[in-house]
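Biologist: Please take a close look at one part of this model, the place where the two chains meet, and then work outwards from there. I would like one connected account in plain words.

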Amino acid sequence: MKASAFEYVRVSSVDEAVAQLAELGDEAKVLAGGQSLVPLLNLRLANPAYLVDINRIGELNFITNGSGVRVGALARHRDVERSELVARVNPLLAAAVKLIGHAAIRNRGTIGGSVAHADPAAELPTILVALDGEIEARSSRGARTIAAVDFFDGFLTTTLQPDELLTEVRFPSLPTGGGWSIQEFSRRSGDFGVVTVVVTLATGNNGTISEASVAFGGVAGTAVRAPSAEAALAGQTPSAELWKAASQEAAAVLDPPGDLHSTPEHRRHLAAVLTERALVEAYGRLGQEA
Amino acid sequence: MQVELIVNGSNYKAPVEPQRTLADFLRDDLRLTGTHLGCEHGVCGACTVIVDGQAVRSCLMFAVQADGSEVMTIEGLEKDGRLHPLQEAFRDCHSFQCGFCTPGFVMTALALIEEGTAPASEEELREELSGNLCRCTGYQSIVEGVAEAIRRTTETGAIGAVESGAS
């Protein structure tokens, strides 16, 4: 239960970090908050030759406005949880972050770390997929912006290259006056959700649904959207029957894994129940934004 | 590598291997064995200490990362032979049985109180304490102990900010 030996490299700027990553390649792992990586090291599920510690890169610790919320890779979960800007501009993000781990985990854990770790059951990847968020990465070759759907590639796998550093995560704004909900079932407080559902909704002038986004965590190798449920909702008049039908639609097409925590059947059941709850809650929040 | 940090108000300078966790450094190098190690992968909360004012898992941080930081462990609470009000509340409410998890709970609760974010409701308090596991008490007496400490310290103002006292 102790990490194997590694070389420790501390960097203090993005330029320095990407230079190190360019040189060390896939021999190196980036150490941010360490709340996912260090357990893997302690359990010896990972044993990189080098750890590049980016904690002292001040320029990556920010939360700013910009077509939504732009969060620097090193912003801690706790900072996002307590950010007035996030609460105002993207209350879904604020709610999602509160579901991550526990206070001591959120004090250290970073937004960039959670996203780069790409756990398919984690909250942040699910809301990024739901909101069509973006990830910015830098390397000594330059910077690029990656759409969330293209970033998450599989279980704990992203399309980030070994020489790239995740520098910023962009959470687009919710639709104006739109409703949102995040519903999660976990066996213990702070655990990853067995199934997580994120919904955003907006209605047009005639009261029918103009925008709907439904995304799941915990049901596949990555967070996924539910296009069939979104199609079932689009243009329809909100009703209890519609929420039920769309939830059934969303769950029916899932092929979730079975593991220690749950069976595929249970996950499908949870997906339907949680989607319905999320739709009801999101609809109830419509027009609540100032 | 060389690390230099303040622990419970005292300066320490010591060589460490990069893979040495802060928890092992505190326990084995500084012989501050009040910080307990349960799971060593961030689940149980027994190793919780305060680094630069925030409760953190010392098993998920390498000692080299604490270079230049100020750390407080359970040993830093008692002053001149007197228990900290939080410790007194734990004693008075029987907030432990075997005591293994106690340092983690106390440090988590201390951070809550000192950040001034101590929850108003029992439900919120339970949520804040949910990152610490106890296998004896069933949590009831621990929640009572922390609630009692919050009551006492907000009445008397006995708990101030972590004293930096670097010597």
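Modeller: The meeting of the two chains brings 23 residues of chain B into contact with 25 residues of chain A. On the chain B side, the elements that give two or more residues are strand S4 (54–57) and helix H4 (122–128). S4(B) gives the most to that side, with 4 residues. Sorted by class, the side of chain B that touches chain A has 8 nonpolar, 10 polar and 5 charged residues. All of this is read from a predicted model.

One residue of chain A can be followed across the boundary. Asn55(A) sits in the loop between strand S3 (50–53) and strand S4 (63–65) of chain A. Leaving aside residues up to four places away in sequence, Asn55(A) touches Ala32(A), Leu74(A) and Gln65(B). The last of these, Gln65(B), belongs to chain B. Is Asn55(A) buried or exposed? Asn55(A) has 19 C-beta neighbours inside 10 Å, and it takes 20 or more to be buried, so Asn55(A) counts as partly exposed. For a sense of distance within chain A, Asn55(A) and Leu260(A) are 205 residues apart in sequence, and their C-alpha atoms are 34 Å apart in space.

Now the rest of chain A. The domain assignment divides chain A into domain 1 (7–53), domain 2 (62–171) and domain 3 (179–284). The centres of domain 1 and domain 2 of chain A, taken over C-alpha atoms, are separated by 18 Å. Their contact takes 14 residues from domain 1 of chain A and 18 residues from domain 2 of chain A. On the domain 1 side, helix H1 (residues 14–24) of chain A gives the most, with 6 residues. That side of domain 1 of chain A has 8 nonpolar, 5 polar and 1 charged residues.

Further along chain A there is a pair of helices to look at. The axes of helix H11 (residues 240–252) and helix H12 (residues 264–284) of chain A come within 8 Å and cross at roughly 145 degrees. The crossing of H11(A) past H12(A) is right-handed. From H11(A), the residues that meet H12(A) are Trp243(A), Lys244(A), Ala246(A), Ser247(A), Gln248(A), Ala250(A) and Ala251(A). Their partners in H12(A) are Arg268(A), Ala271(A), Ala272(A), Thr275(A), Glu276(A), Leu279(A) and Val280(A). By class, the residues of this contact of H11(A) with H12(A) are 8 nonpolar, 3 polar and 3 charged.

Chain B can be taken in the same order, starting with its domains. Its domain assignment gives domain 1 (2–74) and domain 2 (85–156). The centres of these two domains of chain B, over C-alpha atoms, are 21 Å apart. Where they touch, 13 residues of domain 1 of chain B are in contact with 12 residues of domain 2 of chain B. On the domain 1 side, S3 and S4 of chain B each supply at least two residues. S3(B) gives the most to that side, with 3 residues. The side of domain 1 of chain B that touches domain 2 of chain B has 7 nonpolar, 6 polar and no charged residues. Strand S4(B) therefore comes up twice: S4(B) is among the elements on the side facing chain A, and S4(B) is also among those on the side of domain 1 facing domain 2 of chain B.

Before S3(B) in the chain comes helix H1 (22–29) of chain B, and Val43(B) lies in the loop between them. Val43(B) has 19 C-beta neighbours inside 10 Å and therefore counts as partly exposed. Val43(B) and Thr153(B) are 110 residues apart in sequence and 29 Å apart from C-alpha to C-alpha. In H1(B), the buried residues are Leu22(B), Ala23(B), Asp24(B), Phe25(B) and Leu26(B). Just after H1(B), Arg31(B) takes a positive phi of about 60 degrees.

Last comes a helix pair of chain B. Helix H2 (residues 85–92) and helix H3 (residues 102–115) of chain B pack at an angle of about 130 degrees, with axes 10 Å apart. H2(B) and H3(B) are therefore oblique to each other. H2(B) passes H3(B) in a right-handed crossing. H2(B) brings Leu86(B), Gln87(B) and Phe90(B) to this contact, and H3(B) brings Thr102(B), Val106(B), Ala109(B), Leu110(B) and Ile113(B). By class, the contact of H2(B) with H3(B) has 6 nonpolar, 2 polar and no charged residues.

Conventions. Residues numbered from 1 in each chain as written. Chains lettered and ligands numbered in written order. Predicted model: local features only at pLDDT ≥ 70, side-chain atom pairs only at ≥ 80, totals over all residues. Contact = placed C-beta atoms within 7 Å. Nonpolar A, V, L, I, M, F, W, Y, C, P; charged D, E, K, R; others polar. Axes fitted to C-alpha atoms, helices over the stretch in contact; angles between N-to-C directions. Parallel < 35°, antiparallel > 145°, perpendicular 65-115°, else oblique. Left-handed = near helix turned anticlockwise from the far one by under 90°. Domains from an automatic or database assignment. Buried ≥ 20, exposed ≤ 12 C-beta atoms within 10 Å, placed from the backbone.
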